[in-house]
Amino acid sequence: MMMKVSSLPAAPRRVPRRYLREPVPLHFPVEEQVPESRLHRLLIDRLCDSLERELGDTVLLASDQFLYWDPTDPKQCLAPDVAVRLGGPPLVLKSWKTWEHG
């Protein structure tokens, strides 16, 4: 005796999304010219070297890079002399977007 397999209902058709206004792409700058003294640069370099030596490959370390925390507003950023995230791989970043790298 053969049983008849019922057909599945058709999947709903996808309607293409339409925007009320075209989305504007956001630009997140990766550099800005800021004057630093030679002593300031030397101290930052020594601090970074010390952190890398002490923490090794268990840290994500950034220096003088923009740090963004709001993916909708590129103006919300800082550029700390040194930023550290423990437990991260030692990546080379142009800018630090917290929604991508924590």
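**Surface and burial.** I began with the accessible surface of this predicted model, and found that the protein chain exposes about 9,300 Å², of which carbon and sulfur atoms supply 57%. I then looked up burial and noted that buried residues make up 20% of the 102 residues in the protein chain.

**Elements and contacts.** I counted 2 helices and 5 strands in the protein chain, and, reading from the N terminus on, I wrote down their order as α-β-β-β-β-β-α. For the contacts with a separation of 6 or more, I recorded that 59% are accounted for by residues 24 or more positions apart.

**Helix 1.** What span should the 18 residues of helix 1 have at 1.5 Å a residue? I took residues 38–55 and arrived at an expected 26 Å, and because the end C-alpha atoms lie 26 Å apart, I entered the two values as being in agreement. Just after helix 1 I came to G56, for which I noted a positive phi of about 60°.

**Second largest pocket.** G56 turned up again when I listed the lining of the second largest pocket, where I also found C48, E52, D57, V59, L61, Q65, P90, L91, V92 and L93. I put down a volume of about 200 Å³ for this second largest pocket. Which elements each supply at least two residues of its lining? I found that helix 1 and strand 1 (59–62) each do so. Sorting the lining by class, I obtained 7 nonpolar, 2 polar and 2 charged residues.

**Largest pocket.** I turned next to the largest pocket, for which I recorded a volume of about 340 Å³. Of the 13 residues that line the largest pocket, I marked E32, V34, E36, D64 and A79 as the closest to its centre. The lining of the largest pocket divides, in my tally, into 5 nonpolar, 3 polar and 5 charged residues.

**P71.** Where does P71 sit? I located P71 in the loop between strand 2 (67–68) and strand 3 (77–78). I then asked whether P71 should be called buried, exposed or partly exposed; because its relative accessible area is 40%, which falls between the 20% limit for buried and the 50% limit for exposed, I entered P71 as partly exposed. Leaving aside its neighbours within four places in sequence, I found P71 in contact with L26, F28 and W99. I also checked P71 against K97, 26 residues apart from it along the chain, and noted that their C-alpha atoms are separated by 7.8 Å.

Key: Residues numbered from 1 in each chain as written. Predicted model: local features only at pLDDT ≥ 70, side-chain atom pairs only at ≥ 80, totals over all residues. Heavy atoms only, no water. Helix = DSSP H or I, 4+ residues; strand = E, 2+ residues; numbered from the N terminus. Expected span 1.5 Å × (residues − 1). Buried < 20%, exposed > 50% of the residue type's maximum accessible area, 1.4 Å probe, protein only. Contact = heavy atoms within 4.5 Å. Areas by Shrake-Rupley, 256 points an atom, 1.4 Å probe, with all protein chains shown as cover. 1 Å grid on protein atoms, 1.4 Å probe; cavity = no way out; pocket = protein on both sides within 12 Å on 5 of 7 lines; lining within 4 Å. Points joined across faces, edges and corners; volume = space filled by probe spheres on them. Nonpolar A, V, L, I, M, F, W, Y, C, P; charged D, E, K, R; others polar.
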